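Me: I'm new to reading protein structures, and I'd love a close look at one single part. Could you pick a spot and walk me through its surroundings?

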Amino acid sequence: MTPSSAPDPVSGPVSRRRLVAGLAAFAVLIAGFSALGVWQVQRLAWKQELIRQVDSRIHADPVPAPGPADFDAVTREADQYRRVIASGRFAHDREVRVKAVTDLGPGFWVVTPLTDARGFTVLINRGFVPAERAAPETRAEGQVEGPVSVTGLLRISEPEGGFLRDNDPAGDRWFSRDVAAIAEAKQLSGPVAPYFIDADATPNPGGWPRGGLTVVRFANSHLVYALTWFGLALMSAGGTVLWLREERRRRLGRR
């Protein structure tokens, strides 16, 4: 092969493959970052609608807590934070205390079974007590006997324990409000609701437990994420332009 017939290393097949490979890589980056940005925009719309729905549930008039016929239809998406009311009698001898940290400091949630007048049991998170009020005898006035009505927010069960801590039913140590585990440990009979109720701020006799401390907060950083992904897509597009200019200068400089 004569020198005149040898492939040009600048404009020949190797250079074309480099150009195609570079453009393909940038195209993948731009498309990927853009797709992630679009996904975050969709997530933002979903989160805003969820917040709107939850806000309307919290401020709605209370409805009867779902009974056994509706247990299977209860879902996090449709029912979490729905304002409900349940009436019946507390089983104070079967209460559990769940580790909690609130605006009032560290302590416990007092979770007590309530036998609803309609023939099922539902766990009521009656509210918060500090450690020195954990023992029932330190808040005897709050151990209400007789029929009661509780208004609060429907909450979905919290299985498997808290952050880095597993529930210990045998030791009666609880780190989450796991309805099924509490029902089994306390041998609750009859139908047991698959949810629990966070009692509202209606004062209990003696002031403890203290309800109405439910924190309703949704992380909503989707707009920031979307702008980040779209920004990376724009940066990739800018990088493509700069790379093409550099490739053009390199090719012209070698001719």
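Reply: Happy to! Let's visit Asp-178, which sits in the loop between β6 (148-156) and α3. Helices (H or I, at least four residues) and strands (E, at least two) are DSSP runs, numbered from the N terminus. Please keep in mind that this is a predicted model, where local features need pLDDT of at least 70, side-chain atom pairs count only at pLDDT 80 or more, and totals for chains, interfaces and linings use all residues. Residues are numbered from 1 along each chain as its sequence is written, and side-chain values use heavy atoms, with hydrogens and water left out.

Asp-178 is buried yet has no salt bridge. Buried means under 20% relative accessible area (1.4 Å probe, protein chains only), and a salt bridge is a side-chain nitrogen of Lys or Arg within 4 Å of a carboxyl oxygen of Asp or Glu. The nearest side chain of opposite charge belongs to Arg-177, 11 Å away.

What does the side chain of Asp-178 reach? One partner is the backbone nitrogen of Ala-180, at 3.3 Å; another is the backbone nitrogen of Ala-181, at 3.2 Å.

Leaving aside neighbours within four places in sequence, Asp-178 is in contact (heavy atoms within 4.5 Å) with Ser-157, Glu-158, Pro-159, Glu-160 and Asn-167.

Now for α3 (179-185): this helix is among the elements that give two or more residues to the largest nonpolar core, which has 19 residues. Such a core is a set of buried Ala, Val, Leu, Ile, Met, Phe, Trp, Tyr and Cys residues joined through side-chain atoms within 4.5 Å.

How values were computed
Buried < 20%, exposed > 50% of the residue type's maximum accessible area, 1.4 Å probe, protein only. Lys, Arg positive; Asp, Glu negative; His and termini not counted. Polar contact = N/O pair within 3.5 Å; in protein donor to acceptor, adjacent residues only side chain to side chain.
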